[in-house]
Amino acid sequence: MKKNIVVIGAGLVGSLLSIYLSRRGYKVKMFERRGDMRQENIPGGRSINLALSDRGLLALEKMGLAEEIRNIAIPMHGRFMHNLDGSTAFQPYGKEGQYIHSVSRGELNKKLLDAAEQSGVELFFYEKCFEINWQENEVVFENVLTENTTDVDADVIFGADGAFSAARLQHQLNHEKFDYQQHYIDWGYKELTIPAGPGNSFRLEKNVLHIWPRKAYMLIALPNLNGDFTCTLFFPFEGELSFEKLDTKEKVISFFETTFPDTLGLIPDLTDQFFANPVSSLVTVKCFPWIREDSFALIGDAAHAIVPFFGQGMNCGFEDCRILDELMDKYGDDWSTILYEYQRQRKPDADAIADLAVSNFIEMRDKTADPKFLLQKKLEARLHEKHPRKWIPAYSLVTFSPHIRYSDAFRNAMRQEAIMQQIMMRPDIEENWQSEEIEKLILSKL
Ligand SMILES: Cc1cc2nc3c(=O)[nH]c(=O)nc-3n(C[C@H](O)[C@H](O)[C@H](O)COP(=O)(O)OP(=O)(O)OC[C@H]3O[C@@H](n4cnc5c(N)ncnc54)[C@H](O)[C@@H]3O)c2cc1C
């Protein structure tokens with residue numbers, strides 16, 4: 001029986017994974033390069049808050065944690081669009097009762113660390129993985145405060161150390177045929193805060209995800225429990241209108257005045273925040289293999305970092321944990337088979353959600369000004385409304401159908417898109433898109 005498991009990285013996915021493993025009776029040690037965020041004020045990293053949806057909740061539910069996390073989350077029932085002319089529109093995410101949750105990355109991570117500790121996981125902070133000795137199956141950690149190194153041996157090692165994983169690099173350097181792809185999109189993001197109103201009141205509608213769609217860029221805002229909203233501006237790094245060009249207070253104010261006028265009054269210290277907060281990049285990472293025989297696996301962003309345009313990175317990492325758990329149920333202590341099956345199932349699913357997320361980005365960047373594309377979206381929305389079981393948008397399958405694999409959602413999206421491409425070629429489509437004939441034709445192709 002393999003008993004000792006080392007988890008590298010105590011972020012969202014490493015923490016949940018360690019709970020799953022510890023509750024099965026494994027002796028789990030988890031090492032984190034930063035300090036303990038429950039005791040120190042440590043910046044959480046990539047984004048301040050996240051959209052948690054049904055896949056993530058299902059994985060939490062299996063560990064009995066979903067209720068506790070729902071208590072620190074805010075339901076968001078749909079998108080609240082802020083148009084340039086000042087008009088607004090609410091688009092529900094799905095049917096009644098289908099919603100996603102805004103949750104603070106830091107608070108969620110802290111709850112998971114507490115639960116990990118209560119489950120018997122040993123936690124080590126300020127310990128940074130910098131080498132793995134594959135012959136001995138030992139991880140070498142350096143304490144970032146003392147610079148002392150420690151060798152920790154393990155029967156199974158999990159690399160849960162995020163998009164820029166040191167464990168993955170060690171694996172890559174010692175693997176003859178390691179496939180690796182890393183792709184940065186040409187947009188970055190900057191976070192800004194809309195402060196709470198008097199008495200921690202919300203200054204915008206609370207239970208929605210706010211979006212200011214502006215063709216070549218967009219601003220979104222998610223609510224936090226203390227009444228403020230975290231906004232994320234997704235915007236090109238370079239070019240005529242870009243982060244690079246917004247280099248003075250006057251330019252930032254003028255850009256917001258013309259582009260997001262209704263936010264100006266909500267962010268009194270806009271320019272201070274704008275120049276204090278960093279511009280961060282958005283990357284997709286794909287790699288293979290994720291495993292080494294029966295003793296090592298990558299999980300979460302370390303295996304598959306994706307861009308956030310489906311709000312699925314963490315959800316996907318949590319799903320990794322749930323699937324791994326199901327495989328442990330099935331194959332007991334046969335780690336060769338568990339890890340082989342884990343990779344076999346999860347790699348195509350992770351690739352699928354990575355590709356869906358990038359295509360969503362490309363749609364937003366390149367197509368939202370195209371009248372034909374907008375007509376297609378209207379036609380698809382109408383089809384879904386009239387035939388909700390037959391025509392299902394990728395967003396619904398990904399977000400609200402946790403038992404449907406990402407790869408199946410991807411195939412469904414491709415099939416629907418192929419049908420749409422044919423239909424949109426019809427010369428009469430502008431006049432007849434609402435006709436019964438078109439509707440019947442589409443349904444006959446499904
Ligand atoms: C702008 C933005 C918005 C997002 N929004 C969403 C969303 O709405 N919904 C969603 O599901 N996902 C979202 N994501 C994705 C989500 O943030 C990630 O998928 C998620 O954080 C992955 O968790 P992880 O534990 O795998 O990695 P991380 O959260 O990156 O955690 C990795 C941990 O490993 C530690 N570590 C790193 N290197 C070492 C080392 N050498 N030794 C020891 N420890 C190490 C780090 O300090 C960190 O604690 C978003 C991402 C971005 C960038």
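**Ligand site**

I started with the ligand: 30 residues surround it (a residue counts as near if one of its heavy atoms lies within 4 Å), and E32, R34, A51, R105 and D301 come nearest. Before going on, I noted that this is a predicted model, where local features need pLDDT of at least 70, side-chain atom pairs count only at pLDDT 80 or more, and totals for chains, interfaces and linings use all residues. I also noted that residues are numbered from 1 along each chain as its sequence is written, and that side-chain values use heavy atoms, with hydrogens and water left out.

Next I looked up polar contacts, meaning pairs of N or O atoms within 3.5 Å; within protein, one must be able to donate a hydrogen and the other to accept it, and residues adjacent in sequence count only if both atoms are side-chain atoms. R105 has a side-chain N or O atom 2.5 Å from a ligand oxygen. For E32, I found a polar side-chain atom 2.6 Å from an oxygen atom of the ligand. G313 uses a polar backbone atom, 3.3 Å from a ligand nitrogen. The ligand alone exposes 1,000 Å², and the protein buries 93% of that (Shrake-Rupley areas with a 1.4 Å probe; for residues, only the protein chains shown count as cover).

Which elements each supply at least two residues of the shell? I got α1 (12-22), β3 (49-52), β9 (127-133) and α9 (313-331); helices (H or I, at least four residues) and strands (E, at least two) are DSSP runs numbered from the N terminus. By class, I read 12 nonpolar, nine polar and nine charged residues in the shell. Here Ala, Val, Leu, Ile, Met, Phe, Trp, Tyr, Cys and Pro count as nonpolar, Asp, Glu, Lys and Arg as charged, and the others, Gly among them, as polar.

**Cores**

I then checked nonpolar cores, which are sets of buried Ala, Val, Leu, Ile, Met, Phe, Trp, Tyr and Cys residues joined through side-chain atoms within 4.5 Å. Buried means under 20% relative accessible area, exposed over 50%, partly exposed in between (1.4 Å probe, protein chains only). The largest core has 73 residues, and L16, L21, L60, F158, F318 and W335 have the most contacts inside it. A second, separate core of 36 residues includes M76, I100, F309 and L356. Leaving out residues up to four places away in sequence, F158 touches, among others, I5, V7, L21, A297 and W335; contact means heavy atoms within 4.5 Å.

**Buried polar spots**

H171 sits in helix α5 (residues 166-173) and counts as buried because its relative accessibility is 0%. Beyond four places in sequence, the residues touching H171 include W134, P289, W290 and R292.

D320 is in helix α9, also at 0% relative accessibility and therefore buried. I saw its side chain reach the backbone nitrogen of G300 at 3.1 Å. Away from its sequence neighbours within four places, D320 is in contact with I299, G300, H304, Y342 and R346.

**Backbone oddities**

Most residues other than glycine have a negative phi, and most peptide bonds are trans. I flagged the F288 to P289 bond as cis, with omega near 0°; P289 is in the loop between β17 (280-288) and β18 (291-292).

K215 has a positive phi, near 55°, in the loop between β14 (209-213) and β15 (218-223). With a relative accessible area of 53%, K215 is exposed. E293 has a positive phi of about 40° and lies in the loop between β18 and β19 (296-298). Buried or exposed, I asked of E293? At 67% relative accessibility, E293 is exposed.
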